[in-house]
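Reader: I'd like to learn how to read a model like this one. Could you walk me through it?

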Amino acid sequence: MSQDTIRTLQFLLSRLERISADSSVAYRASGVRGSMLRAVEKLEKGRPVPGPEVRRLIESGYHLLEKAAEEKIR
């Protein structure tokens, strides 16, 4: 995996961490964050993480951020 992928995951981790505990997506965001943290640890140690798994995590992260932002707008 490239450094860009690791940076994207780290970016999403920092943003998902800021979702309010009162948000309806907070519980799911917590689970996705845990999976992202494990993936980043593996990547930083040079261990492989399947590409589809990384893409799923990134897509899930952006989706949850969108949902949290929609909640905040209402």
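Author: Let's start with burial: a residue is buried under 20% relative accessible area, exposed over 50% and partly exposed in between, with a 1.4 Å probe and protein chains only. Helices are DSSP runs of H or I, at least four residues, and strands are runs of E, at least two, all numbered from the N terminus. This is a predicted model, so local features need pLDDT of at least 70 and side-chain atom pairs count only at pLDDT 80 or more, while totals for chains, interfaces and linings use all residues. Residues are numbered from 1 along each chain as its sequence is written, and side-chain values use heavy atoms, without hydrogens and water.

Reader: Which residues of α2 are buried?

Author: Ala-26, Ala-29, Val-32, Gly-34, Met-36, Ala-39, Val-40 and Leu-43. Their cover includes α1 (3-16) and α3, where contact means heavy atoms within 4.5 Å. Just after α2, Gly-46 has a positive phi of about 85°.

Reader: And what does α3 bury, and against what?

Author: Gly-51, Val-54, Leu-57, Ile-58, Ser-60, Gly-61, Leu-64, Leu-65 and Ala-68 are its buried residues, and they pack against α1 and α2.

Reader: How do I check the span of α2?

Author: The expected span is 1.5 Å times one less than the number of residues. For the 19 residues of α2 (26-44) that gives 27 Å, and the end C-alpha atoms sit 26 Å apart, which agrees. α3 has 23 residues and reaches 33 Å from first C-alpha to last, close to the 33 Å expected.

Reader: How many salt bridges are there?

Author: The rule asks for a side-chain nitrogen of Lys or Arg within 4 Å of a carboxyl oxygen of Asp or Glu, and the count comes to 2. Arg-7 pairs with Asp-4, with the closest N and O atoms 2.6 Å apart; both lie in α1, 3 residues apart, about one turn of the helix. Arg-33 pairs with Glu-17 at 3.5 Å between the closest N and O atoms. That pair links distant parts of the chain, 16 residues apart: Arg-33 is in α2, and Glu-17 is in the loop between α1 and α2.

Reader: Is Glu-17 buried or exposed?

Author: Exposed, with a relative accessible area of 55%. Arg-7 is partly exposed, at 48%.
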